[in-house]
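Me: Please take a close look at one contact between two helices. Then follow its helices into the rest of the model, as far as they lead.

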Amino acid sequence: MFGLEALDLARIQFAFTISFHILFPAITIGLASYLAVLEGLWLKTHNDTYRDLYHFWSKIFAVNFGMGVVSGLVMAYQFGTNWSRFSDFAGSVTGPLLTYEVLTAFFLEAGFLGVMLFGWNKVGRGLHFFATVMVAIGTLISTFWILASNSWMQTPQGFEIVNGQVIPTDWLAVIFNPSFPYRLMHMATAAFVATAFFVGSSAAWHLLRGKDNPAIRKMLSMAMWMALIVAPIQAVIGDFHGLNTLEHQPAKIAAIEGHWENKGNEATPLILFGWPDMKEEKTRFAVEIPYLGSLILTHSLDKQVPALKEFPPEDRPNSTIVFWSFRIMVGLGMLMIFTGLWSLWLRKRDTLYTSRPFLYLALWMGPSGLIAILAGWFTTEIGRQPWVVYGLMRTADASSNHSFMQMSITLILFVVVYFALFGAGLGYMMRLVRKGPKTDEGKETNDGGPGQKRTPARPFSAADDDHSDVDHSLTKEI
């Protein structure tokens, strides 16, 4: 069907499940740190706005965290079911790295998550803040180990092959492989940027609907400061990441650029737009800027970038896909930088919260960070093809011996279950976002500290009920 084989369906299934999964950890990483900042600011300033925002976003964090855990478990099983030969070949590296993630990050998060979500009125302020910080650190440690595993598959080192299996010889070399620092910084920063625009979009939605209060304004303000500062930093990290990829995976760079051949000693142009044709071995309708490809990728005006025709056809990534996925990522990144700069200009004019054109832009930029993450992930993983472990094991040699029918049935089931389950979860999370943070404007309030009757963190309840009573049962909350 459609010229697909069982291997293609196995790849599509993994791409589908990871595309769902990667969205949740990205928001989890950003929100965990955001919550730690909010609680820290509340403890320092005693400004109730930070406390109200903490309670609001902790609910969304809890739902998002749960969906991330569930979707991640499915992916782990696929290594054994659909990619058993890869597990047999490289499991001595990837297995321990994923185990370290569970032992360090997941246990840390699980140990303090309950205190963070349900302990607001049960423990002291210092301990609760400590729990929130530990959860935030746990998400970053998790990122560390996951990116170490993936980066090793991109730039493997610190091993030897014995009897057809990878045997680690230097764990520090395995973990801190050549692409790891760049991938770690790029992914962590992407998570912060994606969360900033998610938060900013939520605030813009409420402001456009006429819900204007200090909490909503603080959401937009903090989100735009993050966008202004971090989005340009992400562009710089991306440049270093590109130089590293050029050194270790030149075929990927050639595919990203849609660059087929070098002409004499001419510098490499930058192809802004076009349609790479894998069969004809050329990029159709190319719009080029002379010298710019060499300037961006080699930081010189005379060095050439490797071309796709320098690699055997069987070793070339699919340029048609990565050419455009990369441009989607970069294009969205430029829009993020523009949004941050516009917010600074409006802030100076004291119209940040009232400029409707800007608020509409902020609203529509809400999913931009997540879309950019997906586009970047497609560029990274499809650009690595045809290798599952770069230069060592081809994807075609890594899959399990399943039939086309078996893979078709499981793929259909995954699609149906994922859209039903996670669609409902995302819908519920959007309900929480639409409610907005609860504030106590015009009411007599206390500081909501330990033992005080104040809105508890209720991550699984979107009901508009009376929060003055903190003795609700867990059953009622669910």
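Reply: Contact here means heavy atoms within 4.5 Å. The model is predicted, so local features need pLDDT of at least 70 and side-chain atom pairs pLDDT 80 or more, whereas totals for chains, interfaces and linings use all residues. Residues are numbered from 1 along each chain as its sequence is written, and side-chain values use heavy atoms, without hydrogens and water.

In the packing of H6 on H12, Arg 183, Met 187, Ala 190, Ala 191, Ala 194 and Phe 197 of H6 meet Ser 368, Gly 369, Leu 370, Ile 373 and Thr 380 of H12. Seven of the residues in this contact are nonpolar, three polar and one charged (Ala, Val, Leu, Ile, Met, Phe, Trp, Tyr, Cys and Pro are nonpolar, Asp, Glu, Lys and Arg charged, the others, including Gly, polar). H6 spans residues 180–208 and H12 residues 368–384 (helices are DSSP runs of H or I of at least four residues, strands E runs of at least two, numbered from the N terminus). Their axes, 7 Å apart, form an angle of about 155° (lines fitted to C-alpha atoms over the stretch in contact, with angles from 0 to 180 degrees between N-to-C directions). H6 and H12 are therefore roughly antiparallel, a term for angles over 145 degrees.

Both helices also supply at least two residues each to the lining of the second largest pocket, as do H4 (125–154), H7, H8 (250–257), strand S3 (270–277), H9 (292–298) and H10 (319–348). A pocket is an open set of points on a 1 Å grid where a 1.4 Å probe fits, with protein on both sides within 12 Å along at least five of seven lines; lining residues have an atom within 4 Å of a point. The volume of the second largest pocket is about 1200 Å³, counted as the space filled by probe spheres set on the joined points. His 186, Gly 238, Phe 326, Met 329 and Val 330 are the closest to its centre among the 44 lining residues. The lining divides into 25 nonpolar, 14 polar and five charged residues.

H7 (residues 214–248) holds Pro 232. Pro 232 has a relative accessible area of 30% and is partly exposed (from 20% to 50%, with a 1.4 Å probe and protein chains only). Apart from residues up to four places away in sequence, Pro 232 touches Ala 227 and Ile 337. Its C-alpha atom is 9.2 Å from that of Gly 340, 108 residues apart along the chain.

Conventions. Parallel < 35°, antiparallel > 145°, perpendicular 65-115°, else oblique.
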